[in-house]
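Here's a quick briefing to read alongside the model. Have the structure open and follow the residue numbers as you go.

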Amino acid sequence: MRTTLDLDADLFRQALQDAGFTIGQWKDETQASIDWFRAMFTRVQSEGPPPINVAVLLGEDFPAMAANASRSMEEGLIKVVMAVAVRQ
């Protein structure tokens, strides 16, 4: 069963503006994130994980979390947006 929050980037941006935020910058970083995940997966497969990595903080489930996030980006289910929003 798949559950999604039906809020695309444009609706999220509008929700921020409706809440009193002014959007100073808005950049979709989804493809850059997909590329980063692909490079990370390749590096980990060939070299193993680095001794200090985000899994230290997020725990042993991090590989599954990373795979899920990467797949969701590739399937268009989630976006990565870099934004600067200032509340008026």
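The second largest pocket has a volume of about 280 Å³, and since this is a predicted model, treat that value as computed from predicted coordinates. The lining of this pocket takes in 13 residues. After the pocket come a nonpolar surface patch, the salt bridges and a couple of residues in helix α4.

**The second largest pocket**

- Which residues lie nearest the centre of the pocket? They are Met 40, Val 44, Pro 49, Asn 53 and Phe 62.
- Three helices each put at least two residues into the lining: α2 (30–47), α3 (54–58) and α4 (62–74).
- Helix α2 gives the most, with 5 residues.
- The lining is made up of 11 nonpolar residues, plus 1 polar and 1 charged.

**The nonpolar patch**

- On the surface, Val 54, Val 56, Leu 57, Leu 58 and Met 65 make up a nonpolar patch.
- Taken together, these patch residues have about 490 Å² of accessible area.
- Helix α3 supplies the largest share of the patch, 4 residues, and α3 also has a part in the lining of the second largest pocket.
- Val 56 is one to click on: this residue sits in helix α3. Val 56 counts as exposed because its relative accessibility is 58%, and the cut-off for exposed is over 50%.

**Salt bridges**

- How many salt bridges are there? The count comes to 3.
- Glu 29 pairs with Lys 27, with the closest N and O atoms 3.4 Å apart. Glu 29 is buried, at a relative accessible area of 19%, while Lys 27 is partly exposed at 45%. Buried means under 20%, so Glu 29 with its 19% gets that label.
- Glu 74 pairs with Arg 38, and here the closest N and O atoms are 3.4 Å apart. Glu 74 lies in helix α4 and Arg 38 in helix α2, so this pair ties together parts that are 36 residues apart in sequence. Glu 74 is partly exposed at 43% relative accessibility, and Arg 38 is partly exposed too, at 42%.
- Glu 75 pairs with Arg 71, the closest N and O atoms being 3.7 Å apart. Glu 75 is partly exposed, with a relative accessible area of 43%; Arg 71 is also partly exposed, at 41%.
- As a general reminder, side chains of opposite charge can pair when their charged atoms come close.

**Two residues in helix α4**

- Is Met 73 buried or exposed? Met 73, which has its place in helix α4, counts as buried because its relative accessibility is 5%.
- Along the chain, Met 73 and Gln 17 are 56 residues apart, and their C-alpha atoms are separated by 25 Å.
- Ala 69 is in helix α4 as well. With a relative accessible area of 23%, Ala 69 is partly exposed.
- The C-alpha atoms of Ala 69 and Phe 37 are separated by 9.0 Å, with their positions 32 residues apart along the chain.

**Helix by helix**

- Helix α2 gives 5 residues to the pocket lining, and Arg 38 in α2 is a partner in a salt bridge with Glu 74.
- Helix α3 puts 4 residues into the nonpolar patch and at least two into the pocket lining.
- Helix α4 likewise adds at least two residues to that lining; the helix also holds Ala 69, Met 73 and Glu 74.

Note on methods:
Residues are numbered from 1 along each chain as its sequence is written. This is a predicted model: local features need pLDDT of at least 70, side-chain atom pairs count only at pLDDT 80 or more; totals for chains, interfaces and linings use all residues. Side-chain values use heavy atoms; hydrogens and water are left out. On a 1 Å grid over the protein atoms alone, a cavity is a set of points where a 1.4 Å probe fits but cannot get out, and a pocket is an open set with protein on both sides within 12 Å along at least five of seven lines; lining residues have an atom within 4 Å of a point. Grid points are joined across faces, edges and corners, and a volume is the space filled by probe spheres set on the points. Ala, Val, Leu, Ile, Met, Phe, Trp, Tyr, Cys and Pro count as nonpolar, Asp, Glu, Lys and Arg as charged, and the others, Gly among them, as polar. Patches are made of residues with over 30% relative accessible area and no salt bridge: like charges are joined within 9 Å, nonpolar side chains (Val, Leu, Ile, Met, Phe, Trp, Tyr) within 5 Å. Accessible areas come from the Shrake-Rupley method with a 1.4 Å probe; for residues, only the protein chains shown count as cover. A salt bridge is a side-chain nitrogen of Lys or Arg within 4 Å of a carboxyl oxygen of Asp or Glu. Buried means under 20% relative accessible area, exposed over 50%, partly exposed in between (1.4 Å probe, protein chains only).
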